[in-house]
Amino acid sequence: MSTFSSATVAPNGRTLAASTLKSVGLIDRDEQMRDVPSDNPGGRKGISKIRPHRPRPMDIFKEHQPGHSRASTLASRTQSGAPMGGISIRGAASARNSTVGRLRRNVPGMSSTSTASGGSRVATTGVKAVDVWRDFVNRRWNPETRFLNLESMSDDPELAKHNLLPPGASGSTIREASVIFKLASQLNPTPQTISLANNNIGSGQLLSTLAHYLPRLANLSLQNNGLKVWRDVDHISGRKGKLEHLRELILLGNPLRDLEIKHGRGDKYKSEVIRRFPSLVMLDQEAIATISFDAPGPSSSAASEERPTATTFPFEMKPSFITGVENTLISNFLGRFFPLFDSQRAALLDVYHPSATFSFSVNTSIPTRARIQGLHSSREFPHQRKLDWAVWLGRGSRNLTRLGGSDGVDKAVNTLHVGSEAIIRAMTALPKTKHEISGASEKFCIDAWPVGRGDDMKLFISLHGQFNEDPSQGIRSFDRTFVLAPAAPGSRAKLNGWDVVILSDQWTVRAYSSHEAWRPGPMRVQAGGELPCAQQPAMPQGGVSATLAQVQLEEALTAFVSARFPKI
């Protein structure tokens, strides 16, 4: 058995080896030979743990500035005739025969114009690539109109000549789009309108740097691209600082819009876009209706131009509307009904017709304005945090928007209570309430009018207001709709002093919102300032019959021009 030991260089071995190589023409000048590490027999270098610089995507396309970069330094080292470290061997500079040659092909700063088999264009990077992109942007730029035309970039002959991939082309990445947008931001004046139409952009991620480089862009066309979902649009919207000054957007020809329109969700589509871009005045070449009915400005107007903001609706809120019925009939009914509902619900058995229906539904959402005003969290309303929707939801809420699933139909049927006895049982199981009908009348709003004809005449009443829930004493808002009919002579209702019977009772319980919503006068919208307080008539001291309608609504009661609700 033979044992091999590591090679040991003999004295003067380096000089002899160098002389030999020089004599046969393999080296150009005298160089000192370097020892091969003893732990790597055979002369093979170990794998270096020091990795070469790997540039970021933007480093590839950064402007070529004077001075030495990593790429230029390495390129200068690999130029023919440049002195190299170690042994200078003829032919070693060939890309096929040296590690330096392999590095040269992989350096992002070096020019490369390779094409894939079949002639398809592949990405090209190089120190001159940014100059090609800059020339492209300048050719597409119109400074007079501040319009940058980036349409159909794949058809540009100069980009094809240099094998550059524009956004939307097969194999392109976000870095190409970032370079274009950065170069666009350096234009003078800053672009106001950009068209990216007909680029086959199928991912909004390619547009994610647009708002960073051009935050004050006013008009943007993404027509005839491949945006499919709302997430694609969210890359340029949805957060503060993203295209907050955008006035016109075109999404025609994108699968996202086409699908919404095809399924009849055009209004939802517009709402979703406007929610993401509140500053829009034009969408898909159509003006967006504004509350102030101001004519929308041209799409080329300055992004910084202040738009008039509507502070009120064009029509004012009117007071309660009651017609065709004596006001005393309504005030007597409501003035008796709610005290019994708050304290002794079983006593309401006689006022419900034997075939009457009753249902209640719960809307747990807090209105936006109530949330902004802090009606559910401020110290002025300390009991709101004690409220709990669980007891309402567990007693058979008939909110049809939430009765889904396989048992949705059964729930809808079971939560509609038919007959006076079933109605009383359902109401008794609900939390106790207290309606302050003897307090300020502005907390309630009533609309009432007759429905039907002749002997089939009924009375429709719609009531909006608020109540305190026991035992928490928190405040809830409500809407309640009654359909009443005259009590028949000799009926239990008539014998117990009721002039009418209830045929239908629908009750909606909502999170508390201020009664300012129906205050007569101008209606504030958006971020308008405080409105002047409307003068409310003073509530007279007296019985509950004067509450709700008698004082505030008496002026609104006029003679009904057609049939009147029968007097009882």
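Which residue in β15 is the bridge partner of Thr481? It is Gln506, and the legends below show where this pairing belongs.

This is a predicted model, in which local features need pLDDT of at least 70 and side-chain atom pairs count only at pLDDT 80 or more, while totals for chains, interfaces and linings use all residues. Residues are numbered from 1 along each chain as its sequence is written, and side-chain values use heavy atoms, with hydrogens and water left out.

**View 1. The whole chain has 17 helices and 15 strands.** Helices (H or I, at least four residues) and strands (E, at least two) are DSSP runs, numbered from the N terminus. Of the 568 residues in the chain, 39% are buried; buried means under 20% relative accessible area, exposed over 50%, and partly exposed in between (1.4 Å probe, protein chains only). Among the contacts with a separation of 6 or more, 71% join residues 24 or more positions apart; a contact means heavy atoms within 4.5 Å.

**View 2. Strand β15 (residues 500-511) pairs with β9 and with β14.** Two strands pair if DSSP finds at least two bridges between them. β9 and β15 are parallel and share eight bridges, one of which matches Thr357 with Ser504 of β15. β14 and β15 run antiparallel, joined by 11 bridges, and here we meet Thr481 and its partner Gln506 again. Nine of the 12 residues of β15 are buried, so the strand is largely enclosed by the rest of the structure.

**View 3. Trp392 forms ring pairs with Phe467 and Trp507.** Rings of Phe, Tyr and Trp (its six-membered ring) pair if their centres lie within 6.5 Å; planes under 30 degrees apart count as stacked, over 60 as edge-to-face and the rest as tilted. The whole structure holds 18 aromatic pairs. Trp392 and Phe467 are tilted, at 6.4 Å centre to centre and 45° between the planes. Trp392 belongs to helix α14 (residues 390-393) and Phe467 to strand β13 (residues 458-469), so their pair ties together parts that are 75 residues apart in sequence. With Trp507, the centres are 5.6 Å apart and the planes at 75°, so that pair is edge-to-face. Trp392 is buried, with a relative accessible area of 0%, and Trp507 is buried too, at 1%. Both belong to a cluster linked by ring pairs, which also includes Phe333, Phe360 and Trp498.

**View 4. Two arginines place their charged ends over tryptophan rings.** A charge sits over a ring if NZ of Lys or CZ of Arg is within 6 Å of the ring centre and within 35 degrees of the ring normal. Arg476 sits over Trp389, 3.8 Å from the ring centre. Arg480 sits over Trp507, 4.6 Å from the centre of that ring.

**View 5. The largest nonpolar core has 45 residues.** Such a core is a set of buried Ala, Val, Leu, Ile, Met, Phe, Trp, Tyr and Cys residues joined through side-chain atoms within 4.5 Å. Phe333, Phe337 and Trp392 are among the residues with the most contacts inside this core. Helix α12 (327-343) gives the most to the core, with eight residues. Phe337 touches Leu348, Tyr352 and Ile502, among others.

Notes. Lists of a residue's contacts leave out its neighbours within four places in sequence.
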